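Q: I would like a close look at one part of this structure, with enough of its surroundings to place it.

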Amino acid sequence: MKLDDIKKLHQKKYRQAFGHFLVEGEHLVLELEKACSQAPSVWEQAQLYVTSAYEHWNSPWPKHLVSDRQMAQLADTKTPQGILAVVPMPPATKGGAATGEKAIYLHEVQDPGNLGTILRTLAWFGGLRCLLSPGSVDPFNPKVVRASMGAIFHVPIETEVSLDTLASRYARIACLDIGGAPIANPAFAAHDCYLFGNEARGVPSEALNELAAQRFTIPGAAKIESLNLASAVNMAVYELNRSTIANVASPFKANQ
């Protein structure tokens, strides 16, 4: 890919047109290499661009040397480290799901940092698919990729998933609502898909009614109106995995 084309990958329309996105910085490149070793597929077709500081980087991909000035033009950060990869978009995974996998549906999430943080949580616990509605931030936005700290390579992601398609895919759908049952209720973990809304507007109530989404809440002191989206997802996903965590931790405690 020409350097002028790589610069354009900062914009969603060009990422879609060229079918590639940017992975910038040493940590993310290492995470990409790890993902490539675990499941080569599309990741093995990456291309690496480095300055002289990373000229001797041992890479599984073709490596291209660029000047510091060229790297500054290619990178999305103000002070680039001097290493980035141009990576093919992963194939769409719509409709597919592993046995026992649950889905986290995000309705019109806008903040790249929120989405990146959520992806880190989903990758940490595993067994979770991320569904993004139309109008959501692009998961391959450089800010999302950086905020995910490499989790984007390990979480199945679907984009442009409409709310009205969920009922045909998931029999049991849950959402968070201030008037719902506590998420510690065993019924919370019995669902297949969990809905979380836009940072400002949430999920339209009529859509929740049509989906017959069961409402749950994260109990608190109620001194403020709402939680940050990423914080809410993190707590909900932790609760979904709490019994598993306890089972894993109990042998360790017994040996103390």
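How much surface does the chain expose, and what share of it do carbon and sulfur atoms supply? Please then take me closely through strand β5 and the strands that pair with it.

A: This is a predicted model, and in it the chain exposes about 13200 Å², of which carbon and sulfur atoms supply 52%. Of the 256 residues of the chain, 44% count as buried, and its secondary structure comprises 9 helices and 10 strands. Among the contacts in the chain with a separation of 6 or more, 74% are between residues 24 or more positions apart.

Strand β5 covers residues 102-106, and because 5 of its 5 residues are buried, the strand is largely enclosed by the rest of the structure. Buried here stands for under 20% relative accessible area. The side chains are divided between two directions: K102, I104 and L106 point one way from β5, while A103 and Y105 point the other way, and all of these are buried.

Strand β5 has pairing partners in β6 and β9. With β6, residues 128-132, β5 runs parallel and is joined to it by 5 bridges, and within this pairing L106 stands opposite L132 of β6. Between these two strands the chain passes through helix α5, residues 112-125, so that β5, α5 and β6 make up a β-α-β crossover, and this crossover is right-handed. With β9, residues 193-196, β5 again runs parallel, here over 4 bridges, and the bridge partner of Y105 in β9 is L195. As background to these pairings, strands of a sheet pair through backbone hydrogen bonds, in either a parallel or an antiparallel manner.

For the surroundings, one may turn to another set of strands earlier in the chain, where 4 strands form an open sheet in the order β1-β4-β2-β3, with mixed pairing. In this sheet β1 (20-24) and β3 (63-65) stand at the edges, and because each has a single partner strand, one side of each is left without a neighbour in the sheet. Neighbouring strands of this sheet are turned against each other by 25° on average, direction ignored. Strand β2, residues 47-50, pairs with β3 in the parallel sense over 3 bridges, and L65 in β3 is the bridge partner of V50. Helix α3, residues 26-38, packs on this sheet, where it touches β1, β2 and β4 (83-88), and the direction of α3 makes about 40° with that of β4.

Notes. Residues are numbered from 1 along each chain as its sequence is written. This is a predicted model: local features need pLDDT of at least 70, side-chain atom pairs count only at pLDDT 80 or more; totals for chains, interfaces and linings use all residues. Side-chain values use heavy atoms; hydrogens and water are left out. Two strands pair if DSSP finds at least two bridges between them. Axes are lines fitted to C-alpha atoms, for helices over the stretch in contact, and angles run from 0 to 180 degrees between N-to-C directions. Contact means heavy atoms within 4.5 Å. Buried means under 20% relative accessible area, exposed over 50%, partly exposed in between (1.4 Å probe, protein chains only). Accessible areas come from the Shrake-Rupley method with a 1.4 Å probe; for residues, only the protein chains shown count as cover.
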